[in-house]
Amino acid sequence: MHIKFIAQSGFIISLENGQSISIDLWLNNPLMPLELVDVPKMDYVFTTHDHGDHDLTSAIEIAKRDNAWFTSSYGIAKYASEQGVEKVERGNVGGEYSMGDLDVIQTLAFHSSDIGNPVGFIIETNEGTIYHMGDTGYFNELKFYGELYDIDILMVPIGSRYTMDSLQASFATADINPEIVIPMHYNTFPAIQQDPKEFEFQVKERECNAKVKIMKPGDVLEY
Ligand code: ZN
C-alpha cells in the first residue's frame, strides 16, 4: 500500500487492489491545501470526530461525490446519512464491522466532538493493519489494544495542547508496539509546535522497536 500524508491528521491510502481510503483529510490546512478536485476517487472515507481540522464537511462531500463508504462513530455517521451520504457504516467504541473489503474496529479516543463522540480506527486490510488514533490523550487501554491487535502502522498525535505530546505519545507507541509509527497532528499551526525528532528519541528510550517514520506533507510511505 501507499500511504500519503497530507497534513495534520490527514492521510490518503492507496491499496494494491486499486481501492483508496481517506482518513481525516483537512482540505484547507495551511501546509498543503487541496481543492476537492485534487482529491482522487475514494472508496472509503473515515472521520474520527468533527473538529474543523478533521473537516467532516469535505469528508461528506467526497463520500457523496464518489459514492464511497463513510464511517464514523454513531452520531457523526447519522449526521452524514442525513446530509445525503448513501453508504454509511455506523459504529462505536469496541465495535468491529466489515465495510467493503475492510474490517474496522473503533477505539477509544479521549477527546471531544461537537456531534457524536471522538474515536480512533483500527483498519484491517489485506496488505496490513493500520491504527489511526484520531485526536486523543493517553489512556491505559492502549496496552489492551497492543495485546489484542497486530498493528503494522500506527498514526499517533504528538502536538500537545489538544492531544498527547511527544512524550506521552512515545508511551502510547510502546503500548501498541507497531512495526512503523507515524507522528501526526503537530506543526500545522503555532499552538501545536513539536519536534518529531524528539518523539523519535523518546520512542527509542521506551526500548520500543517501532520504526519512527517522520513524514512531511505530501510524503508517501510504501508498505
Ligand atoms: Zn480535535
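Hi everyone, let's start with one residue: threonine 173 is buried, with a relative accessible area of 0%. Buried here means under 20% relative accessible area, with exposed over 50% and partly exposed in between, using a 1.4 Å probe and protein chains only.

A quick word on the source: this is a predicted model, where local features need pLDDT of at least 70, side-chain atom pairs count only at pLDDT 80 or more, and totals for chains, interfaces and linings use all residues. Residues are numbered from 1 along each chain as its sequence is written, and side-chain values use heavy atoms, leaving out hydrogens and water.

Where does threonine 173 lie? You'll find threonine 173 in helix α4, residues 166-176. Helices (H or I, at least four residues) and strands (E, at least two) are DSSP runs, numbered from the N terminus. Threonine 173 touches, among others, Leu154, Val156, Phe199 and Cys208, not counting residues up to four places away in sequence; touching means heavy atoms within 4.5 Å. The side chain of threonine 173 also reaches the backbone oxygen of alanine 169 at 2.8 Å.

Now the sheet. Seven strands form an open sheet with mixed pairing, in the order β6-β5-β4-β3-β2-β1-β14. Two strands pair if DSSP finds at least two bridges between them. At the edges sit β6 (88-91) and β14 (220-222), each pairing on one side only.

Look inside the sheet next: β4 (residues 44-46) and β5 (residues 69-73) pair in the parallel sense over three bridges. Which residue in β5 is the bridge partner of valine 45? That partner is phenylalanine 70.

Notes: Polar contact = N/O pair within 3.5 Å; in protein donor to acceptor, adjacent residues only side chain to side chain.
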